[in-house]
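Student: I would like a close look at one part of this model, taken slowly. Please pick out a sheet and go through how its strands are arranged and what lies around them.

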Amino acid sequence: MKDRLKSNSVCMNVYHKVFARFIAVFTRLSPYLATKYLYKKYTGKRLNLKNPQDFNEKIQWLKLYWQHPLVAKCGDKYDVRNYAKEVGCSEALIESFGVYDDATNIDWDELPQKFILKVTSASTLNMMCDNKSTFDYEAAAATLNRWLKVDYGLDRAELHYSRMTPRILCERLIETHDGKLPIDYKIFCFNGSPELVLVALDRATEVKRFFFDLEWNSIHFEKDQTVKQAAFIERPRSFNDMVHYAKKLAAPFPFVRVDFYDDNGKALLGEMTFTPDRGMASHYNENMLSTLGDMIKLPQGY
């Protein structure tokens, strides 16, 4: 049984690598067609780009037709720090220990006992160290340098990632008092205005999501979801600051999701995301997809 499971895992890894290469080639040839193909594959729907209506469709339209230079800058995990300073949000930045274009340049001795390493030009390519004494530096460096070679934008038909400079950012590891990953507060901003917040918790195990408006009223948004648990999700102490920062950061954009952590009552910026779920979210119910879509006013003249 173990051998069979191992064999299946290897086969799946090979499949994902081959599929990523196929999508990369497809995206080089035509981002438009690659996007339509991926959209059908992952949502089961045909993508309407001539008259986009729901949230997913409008995210795809913005991705293909509205690529302001600030999208790549703010989607980059290092460059967004400079943008945050420019718009007066310096206090929301997580303490950083260095940025590197090669993992072999990292001076591990200078880093604290706990930290997180992030590839700046991608999503999810992160590596946590919660104990330096047991951290395998050589293996970590090899993995990080392999990640740096990934063109995340081509592999996923999200070309703003391809316009970023691949680097490794080292930041302070944000944890709860019991050593768990913090709750993620993802503020949805439409045409520069913060409107809703998606709360994501238990991210290390089985993520749970809850939607609230800015008055902290729960919103039913997921398929087959009950909102009863939402009553136990407390509004973070720094929520007003999160909204304040989000409004400054989101000002130029038709849509952006601005992610924060609450660190003992202090709002800290996680990242800015322009294509959440690649614009192919399948967990929203149809009413929520429509509601979110109505809130995005697409730029004219494109």
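Tutor: What follows goes through the open sheet, then the helices that pack against parts of it.

The model is a predicted one. Its open sheet has six strands, in the order β8-β7-β6-β5-β9-β10, and the pairing is antiparallel. The edges are taken by β8 (218-219) and β10, each with a single partner strand, so one side of each is left without a neighbour in the sheet. Strands of a sheet pair through backbone hydrogen bonds, which can run in the parallel or the antiparallel sense.

Start with β5, residues 184-190. Seven bridges join β5 to β6 (residues 193-201), in the antiparallel sense. To find the register of this pair, look for Lys-186, which stands opposite Leu-198 in β6. β5 also pairs with β9, again antiparallel, over six bridges. Here the marker is Phe-190, which faces Phe-255 in β9.

How many residues of strand β9 are buried? Eight of the nine residues in β9 (residues 255-263) are, so the strand is largely enclosed by the rest of the structure. The cut-off for buried is under 20% relative accessible area. In a regular strand the side chains alternate between the two faces of the sheet.

From β9 the chain goes on to β10. These two strands form a hairpin with two residues between them, and Asn-264 in the turn has a positive phi of about 55 degrees. The antiparallel pairing of β9 with β10 covers seven bridges. Within this pair, Tyr-261 stands opposite Leu-268 in β10.

The edge strand β10 (266-273) is among the elements against which the buried residues of helix α5 pack; the others are α4 (69-75), β1 (96-100), β4 (168-171) and α8 (239-250). The buried residues in α5 are Val-80, Arg-81, Tyr-83 and Ala-84. Viewed down the helix axis, the buried residues of α5 fall within an arc of 160 degrees, so they line one face of the helix. Arg-81 counts as buried because its relative accessibility is 10%. Beyond its neighbours within four places in sequence, Arg-81 is in contact with Leu-93, Ile-94, Ser-96, Leu-169 and Glu-171. Just after α5, Gly-88 has a positive phi of about 85 degrees.

Next comes the loop between β10 and α9, where Thr-275 is found. Thr-275 has 7% relative accessibility, and therefore counts as buried. Leaving out residues up to four places away in sequence, Thr-275 touches Ile-59, Lys-63, Glu-158, His-160 and Tyr-161.

That loop leads to α9 (residues 286-295), in which Met-288, Leu-289, Leu-292 and Gly-293 are buried. Down the axis of α9, these buried residues lie within an arc of 135 degrees, so they line one face of the helix. An α-helix has 3.6 residues a turn, so residues three or four places apart point the same way. What covers the buried residues of α9 includes four strands of the sheet, β5, β6, β7 (208-213) and β8, along with helix α3 (55-65).

To put the two helices side by side: α5 has β10 among the elements packed against its buried residues, while the cover over the buried residues of α9 includes β5, β6, β7 and β8.

Definitions and conventions:
Residues numbered from 1 in each chain as written. Predicted model: local features only at pLDDT ≥ 70, side-chain atom pairs only at ≥ 80, totals over all residues. Heavy atoms only, no water. Buried < 20%, exposed > 50% of the residue type's maximum accessible area, 1.4 Å probe, protein only. Contact = heavy atoms within 4.5 Å. Arc of directions from axis to C-beta. Pairing = 2+ DSSP bridges.
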